[in-house]
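Got the viewer open? Let's take a walk through this one, stop by stop.

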Amino acid sequence: MNRVPGDAENAHSSSVESCPSLRDVHSINPVQLTARIESYEGREKKGISDVRRTFCLFVTFDLLFITLLWIIELNVKGGIETTLEKEVLQYDYSSSYFDIFLLAVFRFKVLILAYAMCRLRHWWAIAFTTAVTSAFLLAKVIISQLFSQGAFGYVLPIISFILAWIETWFLDFKVLPQEAEEENRFLIAQDASERAALLHPGVLSDGQFYSPPESVAGSDEDSEEKQDSEKPVV
């Protein structure tokens, strides 16, 4: 006998629980959602996000900084032309810094091609460049005689190693997560905008609803009938 009231109470409680979600949907402002979607679409039209552009600038800085250090090392050893001929034309793995410069060029080309031109959203390209850089520098430090050539024997390998890992950290913890979060926000805003368009249809303009003007003939007939009704009966 008490089963019907219990079912009614459960139905009432479920309807009460569903009210906040409906209230949240009705509280959506379509204007704000439209503006947010347009801002996301504007970012997509730019072709590259701000955080990805910062990453590409840092990759360029990596190449320029290693090039600057290598040029300074060439001058310190007795002139650019003489040292350049010795390190490039008479290349020796155990004493030359030319391969560290080529390693920076390798990182620059691969990363710019992958993340600026192809706009990859995966970490495999930078994982490849960082692994190659780390393996090469570790082998060079162990096998070569760079430490016997002064301060640059320490500076160039260490700086190159640190820059490669900073690039990896920046891409993996800043670029990719932030772009994924922005894409999710765009999808949520777009879905909410579609729901808001269904729940809040646009206000129709005044021209869409109008009443036809009263005819002159009809008004004259009404006035005549009114006058006839007001005449006294003889």
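Select Arg119 to begin. With 46% relative accessibility, Arg119 counts as partly exposed, because that class lies between the 20% cut-off for buried and the 50% cut-off for exposed. Keep in mind as you look around that this is a predicted model. Arg119 sits in the loop between helix H5 (98–117) and helix H6 (124–143). Now check its backbone: the phi of Arg119 is positive, about 55°, although the residue is not a glycine. That's worth a pause, since most residues other than glycine have a negative phi.

Next, zoom out and colour by secondary structure. How many helices and strands does the protein have? You'll count eight helices and zero strands, so running from the N terminus the order of elements simply reads α-α-α-α-α-α-α-α. Switch on the surface and you're looking at about 16,200 Å² exposed by the protein, with carbon and sulfur atoms supplying 63% of it. Of the 234 residues, 27% are buried. If you draw contacts between residues at least 6 apart in sequence, 76% of them join residues at least 24 apart.

For one pair set apart along the chain, pick Leu68 in helix H3 (residues 50–76). Then add Phe101, which is 33 residues away along the chain, and draw a distance between the two C-alpha atoms: it should read 9.7 Å. Is Leu68 buried or partly exposed? At 47% relative accessibility, Leu68 counts as partly exposed.

Now move to helix H4 (residues 80–89) and select Thr83. This one counts as buried, because its relative accessibility is 5% and the cut-off is under 20%. Show the side chain and follow it to the backbone oxygen of Gly79, 2.7 Å away. Leaving aside neighbours within four places in sequence, you'll find Thr83 in contact with Leu74, Lys77 and Gly78.

Stay with Thr83 for the last stop, as Thr83 is also one of the residues lining the second largest pocket. Select the whole lining: Lys77, Gly78, Thr82, Thr83, Lys86, Glu87, Gln90, Asp92, Ser95 and Ser96. Lys77 and Gly78, which you just saw in contact with Thr83, are part of that lining too. What classes of residue make up the lining of this pocket? Colour by class and you'll get six polar and four charged residues, with no nonpolar ones. The volume of this second largest pocket is about 160 Å³.

Notes
Residues are numbered from 1 along each chain as its sequence is written. This is a predicted model: local features need pLDDT of at least 70, side-chain atom pairs count only at pLDDT 80 or more; totals for chains, interfaces and linings use all residues. Side-chain values use heavy atoms; hydrogens and water are left out. Helices (H or I, at least four residues) and strands (E, at least two) are DSSP runs, numbered from the N terminus. Buried means under 20% relative accessible area, exposed over 50%, partly exposed in between (1.4 Å probe, protein chains only). Contact means heavy atoms within 4.5 Å. Accessible areas come from the Shrake-Rupley method with a 1.4 Å probe; for residues, only the protein chains shown count as cover. On a 1 Å grid over the protein atoms alone, a cavity is a set of points where a 1.4 Å probe fits but cannot get out, and a pocket is an open set with protein on both sides within 12 Å along at least five of seven lines; lining residues have an atom within 4 Å of a point. Grid points are joined across faces, edges and corners, and a volume is the space filled by probe spheres set on the points. Ala, Val, Leu, Ile, Met, Phe, Trp, Tyr, Cys and Pro count as nonpolar, Asp, Glu, Lys and Arg as charged, and the others, Gly among them, as polar. A polar contact is a pair of N or O atoms within 3.5 Å; within protein, one must be able to donate a hydrogen and the other to accept it, and residues adjacent in sequence count only if both atoms are side-chain atoms.
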